[in-house]
Amino acid sequence: MKKRFLPVFCILINAIFYLVILSPFIKAEETVSGIYKGEFFSFIETGKKSTSEDYKEEDSDADYTYANYQVKFRQDPIKRAGCDLSFFAYRKDYDTSDALDNKSRIFKAKWFYYLQKQKEKSLKFDIKMQYKEKGYYESIESEFSQFMISPSLEFRKKDIYTLDFSSGFNKYDYPGDDKKGQLKYSGKLDLCRYFLEKKLILSGDYGIEHLDHKQEGRDRTKHNLSAGLDYVFAKPYIHEIETKIKWGKRDTKDEDERDEDSDYEYRRYKAKSFHKINNRLNTGLKYEFFKKDYNVINLDHKGFYIENGYDYEVRDDMKKRIWLNFDMGRKDTIYSERTGNDYRKITANIKLNYNRKGNWKTSLGFEGNFYKYRNFDNDKKRYYARWSGEKVLLKNKLNVSADFKYRFTNYVNELDDEQESLRLGTSYEF
């Protein structure tokens, strides 16, 4: 057996043992909540997209056809132990860039155990594992496999603080180019502190990654830092404020959507406010500043995003709930090298939601995006129509859902474009 398949083999053996061998005995045990509970979840999705949606509009559109599916098993703690197991696969076929056509398979597993479980405090140990294979149909040298393992300890003291420490390693192997192989060691500390009966929440985290050897175009050591503050005023017109700032360095391989490989430095600041105008109408304001500097790719940029949203409760009683969402936003992005890519985007969307409580729910939404580029030839108008539905069966144990998205783009100097995607999902609780 090839070495790179050993992690997958180990995960599957553990999964089979856990689900098949232990399942008859599991149901007889008592969970932390007193009742055994778990969930099986799966979905399949297919359609067409563009990279501008995946990369948060950091690059020009590159359309591709895709198909992906996932299966996941989650089990609540039996006395003190529990697990999550999942498998995810996707495939991309680009219209104009055959070198980026690829497929991936991802196996994930998480086991956790409560070393201490009390009403006022708890101490939990968990270990996460992931194995990923990403293959390119034409760029063999870019193919890689990844194996990650990360144990952690989480300590919670009710209404006072949460402390989480994790460490681990992440190994990348490139069969077509041994020089690109990486072994990353990591550590992270998360802290969340509550004050004034949880009206004031302070949070922050610090993480570090270190490569085992220096590579050209790569940062050997990466630091990541964030800090946040949330405050609940609970006043008639100012209900809550959230702020968060992030800084650090990452690898594009950490984001499954991007198919090029490069390190980058990022900065991000976000502020939100929530306001209750009356019993039926709520509104929120959001401001976000972002900046990215890539090591290799010449897509360095910065910008801001501002949004104002409204939620209106049409009806809410014992049997059904109807509500409306309306949002408007503006995004400005400036590139340091590709100045022709500078753009301003105005967005408006509306969504109608209906929930037949304990039975089914559905929503229908429309969105318009209007782009103005420094290079006027790139101007476009992009419209979306989205529908989703969800039905509950078998005494609320079985849930089936469907999501459909239609996109129409009107270009200034190109042919208009239409895209559709469909997602079907199901989950079963037991």
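Which residues make up the largest nonpolar core of the protein? In this predicted model, that core has 11 residues: F73, C83, L85, F87, A89, F107, A109, W111, M129, Y131 and F147. Strands β3 (81-94), β4 (102-117) and β5 (121-136) are the elements that give two or more residues to this core. Strand β3 supplies the largest share, 4 residues. Another core lies apart from this one and has 9 residues, including Y266, I297, Y343 and Y373.

**Overall architecture**

The protein contains 20 strands and 3 helices. Its radius of gyration is 24 Å, close to the 22 Å that the globule rule gives for 430 residues, so the protein is as compact as a globular protein of that length. The C-alpha trace spans about 65 × 60 × 40 Å along the principal axes.

Of the 430 residues, 39% are buried. Among contacts with a separation of 6 or more, 52% are between residues 24 or more positions apart. The exposed surface of the protein comes to about 24,600 Å², and carbon and sulfur atoms supply 57% of this area. There are 82 positive and 72 negative side chains, and the centres of these two sets lie 6 Å apart.

**Four strand residues**

The table lists four residues with the strand that holds each one and its relative accessibility.

| Residue | Strand | Relative accessibility |
|---|---|---|
| S42 | β1 (residues 38-50) | 14%, buried |
| K171 | β7 (residues 161-173) | 34%, partly exposed |
| R267 | β12 (residues 263-276) | 41%, partly exposed |
| Y312 | β14 (residues 301-316) | 35%, partly exposed |

Why does S42 count as buried? Its relative accessible area is 14%, and buried means under 20%, so S42 falls in that class. Leaving out residues up to four places away in sequence, S42 touches Q70, V71, L424, G425 and T426.

K171, in strand β7, counts as partly exposed because its relative accessibility is 34%. Beyond its neighbours within four places in sequence, K171 is in contact with S145, Q146, F147, Q182 and L183. One of these partners, F147, is also a member of the 11-residue core. The C-alpha atoms of K171 and D379 are 42 Å apart in space, and the two residues are 208 residues apart in sequence.

R267 belongs to strand β12 and is partly exposed at 41% relative accessibility. With neighbours within four places in sequence left aside, its contacts are K246, W247, F289, F290 and K291. How far apart are the C-alpha atoms of R267 and F73? They are separated by 35 Å, with the two positions 194 residues apart along the chain given as their spacing. F73 is one of the residues of the largest nonpolar core.

Y312, in strand β14, is partly exposed, with a relative accessibility of 35%. Apart from neighbours within four places in sequence, Y312 is in contact with R280, L281, I322, W323 and L324. One of these, L281, is 31 residues from Y312 in sequence, yet the two C-alpha atoms are 4.6 Å apart in space.

Notes. Residues numbered from 1 in each chain as written. Predicted model: local features only at pLDDT ≥ 70, side-chain atom pairs only at ≥ 80, totals over all residues. Heavy atoms only, no water. Rg over C-alpha atoms; globule rule 2.2 N^0.38 Å. Buried < 20%, exposed > 50% of the residue type's maximum accessible area, 1.4 Å probe, protein only. Contact = heavy atoms within 4.5 Å. Areas by Shrake-Rupley, 256 points an atom, 1.4 Å probe, with all protein chains shown as cover. Lys, Arg positive; Asp, Glu negative; His and termini not counted. Charge placed at Lys NZ, Arg CZ, Asp CG, Glu CD. Core = buried A, V, L, I, M, F, W, Y, C linked by side-chain atoms within 4.5 Å.
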